[in-house]
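User: Hey, could you walk me through this one? I'm new to reading structures.

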Amino acid sequence: MTYDYDLFVIGAGSGGLAAAKRAASYKAKVAIAEQDLVGGTCVLRGCIPKKLMVYGSRFPALFADAAGYGWKVGETELDWEYFITAIDKEVKRLSQLHVSYLQKAGVELIPHRATLVDPHTVAVDGRKITADKILIAVGGRPLKPNLPGMDYGITSDEMFHLQHKPKHIAIIGAGYIGTEFACIMHGLGCQVTQIIRKELILKGFDDDIRTDIQNAMIAHGIKIIPNTVVEKVEKVPEGLKLILSGEKTEPTIADVFLVATGRVPNVEGLGLENAGVELVSTTVEGPGYTTMKAIAVNEYSQTSQENIFAVGDVTNRMNLTPVAIGEGRAFADSEFGNQRRIFSHENVPTAVFSTPEAATVGLTEAQAREKLGNDAVKIYRTRFRPLFHSLTGAAEKTMMKLVVDASTDKVLGAHMVGENAAEIIQGVAIAAKMGATKKDFDATVGIHPTAAEEFVTMR
Ligand SMILES: Cc1cc2nc3c(=O)[nH]c(=O)nc-3n(C[C@H](O)[C@H](O)[C@H](O)COP(=O)(O)OP(=O)(O)OC[C@H]3O[C@@H](n4cnc5c(N)ncnc54)[C@H](O)[C@@H]3O)c2cc1C
């Protein structure tokens with residue numbers, strides 16, 4: 001049986017692009033379908049525009065810090081339209097760059113939505129195209145709880161296109177997206193209220209990271225309302241009125257309401273049932289939620305249909321860009337490069353680009369204690385004022401922590417809150433991935449004077 005393509009990829013985001021280019025490098029005949037601009041969530045409405053907003057949001061604190069070094073900074077003002085337009089221009093430039101990478105790699109771009117007709121056929125723009133293998137890399141989208149008035153809320157997708165700077169933004173969601181936007185918008189000069197269902201933000205991260213970031217955000221002036229949920233939203237003359245229940249019941253009125261309560265895989269309308277691709281369900285916590293469905297895959301990203309694979313957020317394994325890329329490349333190496341391999345989801349470093357920033361790799365203290373037993377874990381922790389702030393007078397603190405297996409001395413986890421945490425943890429992650437011991441950390445000479453050197457001097 002001959003097919004139109006060796007590989008047909010649905011979705012030109014992080015995972016799909018990486019897999020398509022890698023497969024083409026092995027001389028496979030590859031096509032990729034994309035219903036939107038090329039680049040996916042990360043490039044268009046995720047990591048990249050968000051990080052540019054983070055950079056923009058950190059200037060006011062730097063202007064204030066400069067005084068401690070003798071600088072007199074005059075009046076400052078943000079040109080919102082310029083800021084949003086500059087970010088949008090950069091995003092479009094990057095999207096075009098990805099189109100040119102596809103051309104260079106010899107991958108055919110089909111700029112349309114694709115759906116499955118049967119295990120070897122996709123429907124695209126009224127045409128039927130066949131392929132030996134199909135990769136589903138369609139990502140996910142924001143999920144809003146099904147509660148009255150939620151339509152007044154916007155999601156992270158719209159945060160990059162706000163026409164005006166909000167005066168007061170209310171955010172629901174305690175995950176990294178809600179937390180990052182709370183810090184971004186506060187840094188840009190908005191009043192920010194973040195409403196969270198539990199006591200602390202950032203569930204799943206080490207407790208020291210969770211408390212240190214939350215305390216710093218509150219100290220910076222962000223209002224965090226814990227143990228509270230939004231019951232409904234009403235439009236009133238002053239803006240949007242959030243009716244609350246839980247620890248706080250006094251309504252919050254804001255002009256913009258961001259719903260950052262999670263994301264769901266894009267599995268609807270793909271024709272998965274035509275091709276025998278099975279889904280796996282997980283229960284989603286919280287009011288107004290039900291279950292969420294993702295494509296079920298094995299460790300080789302293979303679905304229940306043997307020639308169909310899925311990578312990235314649509315499989316809801318670990319929803320990060322480098323993970324989608326890693327899964328995509330492992331798939332292409334295995335299926336087209338004669339190097340059958342599994343992408344490891346262990347020791348994946350990650351960051352929260354809040355202010356202060358946090359980054360982490362490996363096990364949290366709680367996970368290590370649960371896995372090894374309470375006494376089998378040694379914790380090294382330091383909190384200090386970074387040298388930069390010795391002249392600014394700001395009360396900013398840096399926290400660093402190592403979670404160590406007491407019997408083998410192996411570093412199981414490294415966690416940091418503070419400036420450049422993501423840049424620092426990236427290097428520490430190499431050591432963690434290689435199985436370094438605390439002794440290896442101690443034997444490493446620090447770079448002085450830096451914050452990072454604390455990772456090799458903790459006692
Ligand atoms: C606000 C925000 C901030 C983030 N920040 C970070 C970060 O700092 N670091 C990090 O690592 N990750 C971050 N992420 C997560 C990251 O963006 C995703 O994990 C990553 O983009 C997933 O890649 P993917 O290939 O699975 O899907 P996507 O990148 O979402 O790509 C899927 C593509 O498929 C297309 N598509 C869907 N259905 C079809 C169809 N039927 N036919 C054709 N095309 C289709 C979509 O248009 C899309 O372009 C962030 C996400 C968000 C929302």
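Analyst: Sure, we'll start with the whole chain and then look at some helices and a sheet.

Analyst: This is a predicted model, where local features need pLDDT of at least 70, side-chain atom pairs count only at pLDDT 80 or more, and totals for chains, interfaces and linings use all residues. Residues are numbered from 1 along each chain as its sequence is written, and side-chain values use heavy atoms, with hydrogens and water left out.

User: How many helices and strands does the protein chain have?

Analyst: There are 13 helices and 23 strands. Helices (H or I, at least four residues) and strands (E, at least two) are DSSP runs, numbered from the N terminus.

User: And why call it as compact as a globular protein of that length?

Analyst: Its radius of gyration is 24 Å, close to the 23 Å that the globule rule gives for 459 residues, so the chain is as compact as a globular protein of that length. That radius is taken over C-alpha atoms, and the rule is 2.2 Å times the number of residues to the power 0.38.

User: Cool. Now helices: at what angle do α1 and α5 pack?

Analyst: About 20°, with the axes of α1 (residues 14-25) and α5 (residues 80-105) 9 Å apart. Axes are lines fitted to C-alpha atoms, for helices over the stretch in contact, and angles run from 0 to 180 degrees between N-to-C directions. The two helices are therefore roughly parallel (angles under 35 degrees count as that, over 145 as roughly antiparallel, 65 to 115 as roughly perpendicular and the rest as oblique).

User: Which residues meet there?

Analyst: Leu-17, Lys-21 and Ala-24 in α1 meet His-98, Tyr-101, Leu-102 and Ala-105 in α5; contact means heavy atoms within 4.5 Å.

User: Switching topic, what's the strand order in the open sheet of five?

Analyst: The order is β19-β20-β23-β22-β21, and the pairing is antiparallel. Two strands pair if DSSP finds at least two bridges between them.

User: Which strands stand at the edges?

Analyst: β19 (350-352) and β21 (377-384) do, each with a single partner strand, so one side of each has no neighbour in the sheet.

User: How many bridges join β19 to β20?

Analyst: Three, and β20 covers residues 358-362. In this pair, Thr-350 stands opposite Thr-360 in β20.

User: Which strands does helix α12 lie across?

Analyst: Helix α12 (residues 421-433) lies across β19, β20 and β23 (411-417), running at about 10° to β20.
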